[in-house]
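Biologist: I am new to this structure and would like a close look at a single part of it. Please choose one strand, describe its surroundings, and then place it in the wider chain.

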Amino acid sequence: MVLALDPLLIAAPAISASFASSLVTGVISAIDVAAMAGDGLLHHILGTMLFDSELIALVAVSAIVTVCRYLRERHRRELAQVRTVSETTQRVVLRPLPRRIGPLRIASEYLAAQEQALIGGDLYAAVRTSGGTRLIIGDVLGKGLTAIGDAALLLGAFREAAHRQATLPDLAAYLEHCVCWNLAEPTEADQAAECFITAALLDIPDATPQMHMVTCGHPPPLRLRERQATTLRATHPAPPLGLGELATPDYHVDTFPLEPRDLLLYTDGVIEARDARGTFYPLTQRVTSRPHDSPQALLHHLRTDLLAHVSGHLADDAAMVALQRTPWPHTDICATSREVPRPSACAGSATHEGLASSIPAPGQALFASRRPQDAAER
């Protein structure tokens, strides 16, 4: 009866560590030790072998749970700091797309396969031009930091060159040279052929309800209207970026009508996602399973449905971009649009002949993407 409170005193630090901070846990542990020592003095049993062993056990348990609670808090703070840095990196490398660019309503979604990661090897970007909008969506071979670096390289080159007055084939050729010259370091020339990026380049003019597309080994987009999905396949797809040295790519431009309707761009992480039985995600069926009044609603449905299909665990990064073309007044873009990222795009310029006069040298793309003027594109 003398030691009736001892089990409760020993359990108190362990219980408090499950919900209280390390400071509170330490205070409760100190109070427990003092209370148990006072109990021993009161009943004149302090110094006996049985009581001293229980007191030592209480001190040991209190110290262990307090230290463990402190380490857990420190790990949580470090994880929160890493996540903050990761979110900042995502905003710099993979800038969020605005909800509206010219006549386009846009929504984007990125699902990273790696635990605690927000970005990976998938990429997308949109750049406003004087007469329309250019977009890119791509997928880098591999995962991890290497894939993130390759994605940042391509995005920087695209943002620097896409607003120029070059054609889509010229832009694709420029990006091909950037990938070939920069993905492989001088000491890793034997691995250059192992690095490539699938990509789709789109040019959507404001004045005409059309879409021009160059595909470099990327999955074809889906055009949606009234619960019907049409696959927009390229007639002559080019090889992925980075493999141009193995062949002579012919960047063919395909033109598709794009009246007011939805367009879905995605990476292979979406269509190659498997459930527990190994069944691929049926994107074409699921995207038309219910009506959607906005690109945001469409991607919200696809995100929820895709994660349910894979039970919450993706094997590869997945990215999706939904577009919806709306009626656009036939007025001067420079006078009405506030979304042109650079004033020079609206200043008017003569048509450039070739990439040599319209875009910088490929070796300068990575450095040019870091200039302060790129902040205007955000």
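Modeller: What follows starts with strand β5 and its sheet, then moves to the cores and to two of the helices. The model is predicted. The secondary structure of the chain comes to 12 helices and 11 strands, and buried residues make up 45% of its 378 residues.

Strand β5 covers residues 197–205, and 9 of its 9 residues are buried, so the strand is largely enclosed by the rest of the structure. In a regular strand the side chains alternate between the two faces of the sheet. In β5 both faces are covered. On one side Ile197, Ala199, Leu201, Asp203 and Pro205 are buried, and on the other Thr198, Ala200, Leu202 and Ile204 are buried too.

β5 belongs to an open sheet of 5 strands, which follow the order β3-β4-β5-β6-β9 with antiparallel pairing. The strands at the edges are β3 (122–128) and β9 (254–257); each has a single partner strand, so one side of each is left without a neighbour in the sheet. On average, neighbouring strands of this sheet are turned by 20 degrees against each other, direction ignored.

Strands of a sheet pair through backbone hydrogen bonds, either parallel or antiparallel. On one side of β5 in the sheet order comes β4. Strand β4 (residues 132–140) pairs with β5 over 9 bridges in the antiparallel sense, and Val140 has Ile197 of β5 as its bridge partner. On the other side comes β6. β5 and β6 run antiparallel and are joined by 4 bridges; Leu202, for instance, has Met213 in β6 as its bridge partner. A hairpin of 4 residues also leads from β5 to β6. Strand β6 (residues 210–216) is in turn joined to β9 by 4 bridges, again antiparallel, with Gln210 standing opposite Pro257 in β9.

Next, the nonpolar cores. The largest one has 51 residues, and Leu201 is among those with the most contacts inside it, along with Leu123, Ile136, Phe158, Leu175, Met211 and Leu241. Leu241 touches residues including Ile197, Ala199, Phe196, Cys216 and Tyr251, leaving aside residues up to four places away in sequence. A second, separate core has 20 residues, including Ala107, Tyr266, Ala273 and Ala322.

Turning to the helices, α8 takes in residues 295–309. At 1.5 Å a residue its 15 residues should span 21 Å, and its end C-alpha atoms are 21 Å apart, which agrees. Among its buried residues are Leu298, Leu299, Leu302, Asp305 and Leu306. Seen down the axis of α8, the buried residues fall within an arc of 160 degrees, so they line one face of the helix. An α-helix has 3.6 residues a turn, so residues three or four places apart point the same way. His300 and Ala308, on the other side of α8, are exposed. The buried residues of α8 pack against β2 (104–111), β7 (222–225), β10 (262–266), α6 (268–271), α7 (283–287) and β11 (318–325). After α8 comes Ser311, whose phi is positive, near 60 degrees.

Helix α3 (residues 49–93) has 45 residues and reaches 65 Å from its first C-alpha to its last, close to the 66 Å expected at 1.5 Å a residue. Its buried residues include Phe51, Leu55, Leu58, Arg69, Glu73 and Val93.

For the chain as a whole, 72% of the contacts with a separation of 6 or more are between residues 24 or more positions apart.

How values were computed. Residues numbered from 1 in each chain as written. Predicted model: local features only at pLDDT ≥ 70, side-chain atom pairs only at ≥ 80, totals over all residues. Heavy atoms only, no water. Pairing = 2+ DSSP bridges. Helix = DSSP H or I, 4+ residues; strand = E, 2+ residues; numbered from the N terminus. Axes fitted to C-alpha atoms, helices over the stretch in contact; angles between N-to-C directions. Buried < 20%, exposed > 50% of the residue type's maximum accessible area, 1.4 Å probe, protein only. Core = buried A, V, L, I, M, F, W, Y, C linked by side-chain atoms within 4.5 Å. Contact = heavy atoms within 4.5 Å. Expected span 1.5 Å × (residues − 1). Arc of directions from axis to C-beta.
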